[in-house]
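Student: Please show me the model. I should then like to ask how its descriptive terms are justified.

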Amino acid sequence: MTDKLTSAQKDELMNQVQQQLAVANFQELLTKATHKCYKMCIGKPGSSLSSSEQSCLAMCMDRYTDTYNHVIRVYTTKLQNGLRGS
Amino acid sequence: MITQSNLEVIIQVWDQIDPSISRILTRMSFENEHDLAANLDSDLQDFIQQQQQKAQLQSSAHKLTDMCWDRCIGDRPGQRLDAKTETCLSNCVERFIDASMFLVTRLQKNLQGHS
C-alpha cells in the first residue's frame, strides 16, 4: 500500500469536488432567486398560487439567472483587467 | 507594498466589514504563498487552488447579483434584460470593486501609519 492516490482515485476526487461545487452554486442561486422572486411576485399571499403569480415567478427566475451570468462575466473581466494594475 | 503579515490583518478586518473583499484578498494572499502543503501532489494542489478560486468567485458573484438586482431591476421581471439594465448592472459591479479597492488602499495606508 502506498499513501499516494492512484490516477483513477485522483480523477474521481476531482470529479466529486467539481460536482459538489456546481450543486452548491445552483443551490445558492435557487435560494437567492426564491427570496427575490417571492418578494417581487407574491404581494399578498392567497390560498393558492395564481397563474399570474406563476408566470411572474418563472420570468423572475429566468431574469435572475441572466443577471447572475451577466454579473459574473463583468466581475471576472474587471478583476482580470483592473486589479492587477492597481 | 503589502506584506503577507499585514495582508492577513487587512483580511481579518475586511472579513468583519465585507467578506467578499476579504475573499479577493485571500486569493491575492494565496498567490504569494509558496510553501502550501509541499507534500501534496502538484496536480491536485493546482486543481484545489483553481476550485477554491472558482468557489470564491461564485460566492462574490452571488452577493453582487443580490445587491445589483435590488438596484437595477424594477418591480416586475421583463421578457429579457434590456441594454439599460445591463449597463446598470455592469456599472453596479465595477463601481463596487472600485469602491472596495479604494477603501482597502486607504485602510492599508492607515495601518502603515500606525506601525
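**Terms and their grounds**

Tutor: In chain B, 37% of the 115 residues count as buried. "Buried" means under 20% relative accessible area, "exposed" over 50%, and "partly exposed" in between (1.4 Å probe, protein chains only). This is a predicted model: local features need pLDDT of at least 70, side-chain atom pairs count only at pLDDT 80 or more, and totals for chains, interfaces and linings use all residues. Residues are numbered from 1 along each chain as its sequence is written, chains are lettered from A and ligands numbered from 1 in the order in which they are written, and side-chain values use heavy atoms, with hydrogens and water left out.

Student: What is the confidence in chain B?

Tutor: The pLDDT, which is the predictor's confidence in each residue from 0 to 100, averages 82 in chain B, and 72% of the residues score at least 70. Among the elements of chain B, helix 3 (residues 42-72) has the highest mean, 93, and helix 1 (residues 4-17) the lowest, 67. Over residues 34-38 of chain B the pLDDT is below 50, and this stretch has three contacts in the model beyond near neighbours in sequence. A contact means heavy atoms within 4.5 Å.

Student: Which elements make up chain B?

Tutor: Chain B has four helices and zero strands, running α-α-α-α from the N terminus. Helices (H or I, at least four residues) and strands (E, at least two) are DSSP runs, numbered from the N terminus.

Student: How do you know that the span of helix 4 of chain B agrees with its number of residues?

Tutor: The expected span is 1.5 Å times one less than the number of residues. For the 32 residues of helix 4 (residues 83-114) of chain B this gives 46 Å, and the end C-alpha atoms are 47 Å apart, so the two agree. Likewise, the 35 residues of helix 1 (residues 7-41) of chain A should span 51 Å, and the 50 Å between its end C-alpha atoms agrees.

Student: Why is B:Cys92 counted as buried or exposed?

Tutor: B:Cys92 lies in helix 4 of chain B. Its relative accessibility is 13%, and therefore B:Cys92 counts as buried. Leaving aside residues up to four places away in sequence, B:Cys92 touches B:Met67, B:Cys68 and B:Cys72.

Student: Why is A:Asn25 counted as buried or exposed?

Tutor: A:Asn25, in helix 1 of chain A, has a relative accessibility of 17% and therefore counts as buried.

Student: What joins the side chains of A:Asn25 and B:His62?

Tutor: They are joined by a polar contact of 2.7 Å. The term covers a pair of N or O atoms within 3.5 Å; within protein, one must be able to donate a hydrogen and the other to accept it, and residues adjacent in sequence count only if both atoms are side-chain atoms.

Student: What makes the meeting of B:Asp70 and A:Lys36 a salt bridge?

Tutor: A salt bridge requires a side-chain nitrogen of Lys or Arg within 4 Å of a carboxyl oxygen of Asp or Glu. Between the side chains of A:Lys36 and B:Asp70 the N to O distance is 2.9 Å, which makes this a salt bridge. The count between chain A and chain B is five.

Student: How much area do chain A and chain B bury between them?

Tutor: They bury about 3,500 Å², with 70% of it on carbon and sulfur atoms. Buried area is the accessible area (1.4 Å probe) that two parts lose on being put together, summed over both. A:Met40, A:Tyr75 and A:Lys78 supply 19% of the area that chain A buries against chain B, more than any other three residues.
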